[in-house]
Amino acid sequence: MHCAVLVFPGSNCDVDLYKAILQIKGATAEYVWHKDTDLDRFDVMLIPGGFTYGDYLRPGSLAGVSPVIASVKKAANSGKLVLGICNGFQILIEAGLLPGALLPNQSLQFICDVVPVKVTQSESPFTSSYQLGDILRLPIAHGSGNYYCDEATHKELKSNGQIAFSFTPENNPNGSDAGITGLLNEQRNVLGMMPHPERAVKQWLGSTDGLGLFQSMLEHHKA
């Protein structure tokens, strides 16, 4: 499984993501600058966290029209896996690959913490190594992760099983609608999520709960 780690001006989690991929036997990774447009050699597209273009206009909006994004859309339409983490989730929404919006946190404060995250969909290329209802401990670090969508979209997401991860009712740190913090597209080959699985791949990091996500992707690739 050869993974593209996309790098934009302002990305700051690209190295973490690259090193996390290398923890998975059978996976390789390569950095791709946002002006490159040839992604054909990759099996998986990874969009890391950060503050692309200084979050000007709104988080992810400028990166969402970068040259590489047209190639990401092409890859997604062909069925390849696309994962966006934190700012990467914001970019996927701005690019129109996922529905809804990510608003400023309800508290209007930047939140950096390790929180419980519930697996709400285990039948996807990203979550098959988990059990439905598993509670993971994953880091979060964002100022705009408050997921919002209208009622009709919410019903559609639930009906299609597109909600991959959610915060528990007792701990919804950013005020997201129904605690949504990980979202699949209808085909389930695109995932955006606010928590950082790439920061939970070693016990000395405090958790290894993120490994299952990358292992799920590898198993999907091998199938």
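User: What makes Cys-13 count as buried or exposed here?

Analyst: This is a predicted model, so everything below is computed from it. Cys-13 has a relative accessible area of 2%. Buried means under 20%, so Cys-13 is buried.

User: How do you know how many disulfides there are?

Analyst: A search of the whole structure turns up 0 disulfides. Take Cys-13: the closest cysteine sulfur belongs to Cys-86 and is 6.6 Å away. A disulfide needs the two sulfur atoms within 2.5 Å, so this pair is too far for a bond.

User: And what about Cys-149, where is its nearest cysteine sulfur?

Analyst: That sulfur is in Cys-86, 19 Å away, and Cys-149 is in no disulfide. Cys-149 is buried too, with a relative accessible area of 6%.

User: Why is helix H3 called largely enclosed?

Analyst: Because 7 of its 8 residues are buried, H3 is largely enclosed by the rest of the structure. The buried ones are Asn-87, Gly-88, Phe-89, Gln-90, Ile-91, Leu-92 and Ile-93. Just after H3 comes Gly-96, with a positive phi of about 85 degrees.

User: What makes the phi of Ala-178 worth a remark?

Analyst: Most residues other than glycine have a negative phi. Ala-178 is not a glycine, yet its phi is positive, about 55 degrees. You'll find Ala-178 in the loop between strand S9 (163-167) and strand S10 (180-184). Its relative accessibility is 51% and the cut-off for exposed is over 50%, so Ala-178 counts as exposed.

User: Which phi does Arg-188 have, and where does that residue lie?

Analyst: Arg-188 has a positive phi of about 65 degrees, and it isn't a glycine either. Look for Arg-188 in the loop between S10 and strand S11 (190-193). With 21% relative accessibility set against the 20% limit for buried, Arg-188 counts as partly exposed.

User: How do you know whether Pro-195 is buried or exposed?

Analyst: Its relative accessible area is 0%, so Pro-195 is buried. Pro-195 sits in the loop between S11 and helix H5 (211-222). From Pro-195 to Ala-178 there are 17 residues along the chain, and their C-alpha atoms are separated by 16 Å.

User: Why is the Asp-16 and Arg-199 pair called a salt bridge?

Analyst: Side chains of opposite charge can pair when their charged atoms come close. For Asp-16 and Arg-199, the closest N and O atoms are 3.8 Å apart. The limit is 4 Å, so the pair forms a salt bridge. The structure holds 6 salt bridges. The Asp-16 and Arg-199 pair links distant parts of the chain, with Asp-16 in helix H1 (residues 14-22) and Arg-199 in the loop between S11 and H5, 183 residues apart. Asp-16 is partly exposed at 34%, and Arg-199 is partly exposed at 27%.

User: What makes Asp-40 and Lys-74 a salt bridge, and which parts does the pair tie together?

Analyst: The N to O distance is 3.7 Å, which is within the 4 Å limit. Asp-40 lies in the loop between strand S2 (28-33) and S3 and Lys-74 lies in helix H2, so the pair ties together parts that are 34 residues apart in sequence. Both Asp-40 and Lys-74 are exposed.

User: How far apart along helix H4 are Lys-155 and Glu-151?

Analyst: They are 4 residues apart, which means a separation of about one helical turn. Their closest N and O atoms are 3.9 Å apart, and they form a salt bridge. Lys-155 counts as exposed at 55%, and Glu-151 is exposed at 60%.

User: What makes up the nonpolar surface patch?

Analyst: Tyr-56, Leu-57 and Leu-62 make a patch of about 370 Å². Patch residues need over 30% relative accessible area, and Leu-62 has 31%, so Leu-62 passes that cut-off while counting as partly exposed. Leu-62 is in the loop between strand S3 (44-47) and helix H2 (67-77).

User: Which residues and helices line the largest pocket?

Analyst: The largest pocket, with a volume of about 200 Å³, is lined by 15 residues. Nearest its centre lie Leu-97, Gln-162, Asn-185, Glu-186 and Gln-187. H2 and helix H4 (151-160) each supply at least two lining residues, and H4 gives the largest share, 4 residues.

Key. Residues numbered from 1 in each chain as written. Predicted model: local features only at pLDDT ≥ 70, side-chain atom pairs only at ≥ 80, totals over all residues. Heavy atoms only, no water. Buried < 20%, exposed > 50% of the residue type's maximum accessible area, 1.4 Å probe, protein only. Patch = residues over 30% accessible without salt bridge, like charges linked within 9 Å, V, L, I, M, F, W, Y side chains within 5 Å. Areas by Shrake-Rupley, 256 points an atom, 1.4 Å probe, with all protein chains shown as cover. Salt bridge = Lys/Arg side-chain N within 4 Å of Asp/Glu carboxyl O. 1 Å grid on protein atoms, 1.4 Å probe; cavity = no way out; pocket = protein on both sides within 12 Å on 5 of 7 lines; lining within 4 Å. Points joined across faces, edges and corners; volume = space filled by probe spheres on them.
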